[in-house]
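Student: I have a chain to go through with you. Can we take the overall layout, then a single position?

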Amino acid sequence: MLKSWDSERFEVNVTYELPDKEDPVCIAMHSYNSLLAIGSQYYISLIDPRQPMAAHTLPSLDSNWGVRSVCFTNNMLTIGGGKGRITFIDTRKMEFLPVKENVDGRQCYYHQTGSGWLVHLTY
């Protein structure tokens, strides 16, 4: 859940229900069009604060390793994942950008930077 607050009245303006309630990890704001990106364990949610609900939700390509960073550069959103992958979303089309072709000729939508890092906690 993400809440937008009115800083003058100290009241909640809007509450956004996110698809992944367990683990919202990171947030970025596009300075030109005020688009928000929220990264969680399973999803990237894109929100226009002028609207009462999430604009788009895309699955993380790092499966259950989670989104660890989000960053806007013009109309591109860069996502860093816990599995050591970097992916890119074109925010005009709201779709992942292909990075390269696999050996079998299919598009690959991430760049592998390393093995990633994840600590599984046991209770």
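Student: In what order do the elements of the chain run from the N terminus on?

Tutor: This is a predicted model. The secondary structure comes to zero helices and 13 strands. From the N terminus on, the order is therefore strand after strand: β-β-β-β-β-β-β-β-β-β-β-β-β.

Student: What box do the C-alpha atoms of the chain fill?

Tutor: Take the box along the principal axes. The C-alpha atoms then fill roughly 55 × 45 × 20 Å.

Student: What percentage of the residues in the chain is buried?

Tutor: Buried means under 20% relative accessible area. The chain has 123 residues. Of these, the buried ones make up 33%.

Student: How much of the exposed area of the chain do carbon and sulfur atoms supply?

Tutor: Start from the total. The chain exposes about 8100 Å². Carbon and sulfur atoms supply 53% of it.

Student: How far apart are the mean positions of the positive and negative charges of the chain?

Tutor: The chain has 11 positive and 13 negative charges. Take the mean position of each set. They lie apart by 5 Å.

Student: Now one position. Is G84 buried or exposed?

Tutor: G84 sits in the loop between β8 (76-81) and β9 (85-90). Its relative accessible area is 10%. The cut-off for buried is under 20%, so G84 counts as buried.

Student: Which residue is 30 residues from G84 in sequence and 4.9 Å from it in space?

Tutor: The spatial distance runs C-alpha to C-alpha. The partner of G84 in this pair is G114.

Conventions
Residues are numbered from 1 along each chain as its sequence is written. This is a predicted model: local features need pLDDT of at least 70, side-chain atom pairs count only at pLDDT 80 or more; totals for chains, interfaces and linings use all residues. Side-chain values use heavy atoms; hydrogens and water are left out. Helices (H or I, at least four residues) and strands (E, at least two) are DSSP runs, numbered from the N terminus. Buried means under 20% relative accessible area, exposed over 50%, partly exposed in between (1.4 Å probe, protein chains only). Accessible areas come from the Shrake-Rupley method with a 1.4 Å probe; for residues, only the protein chains shown count as cover. Lys and Arg count as positive and Asp and Glu as negative; His and the chain ends are not counted. The place of a charge is taken as NZ of Lys, CZ of Arg, CG of Asp or CD of Glu.
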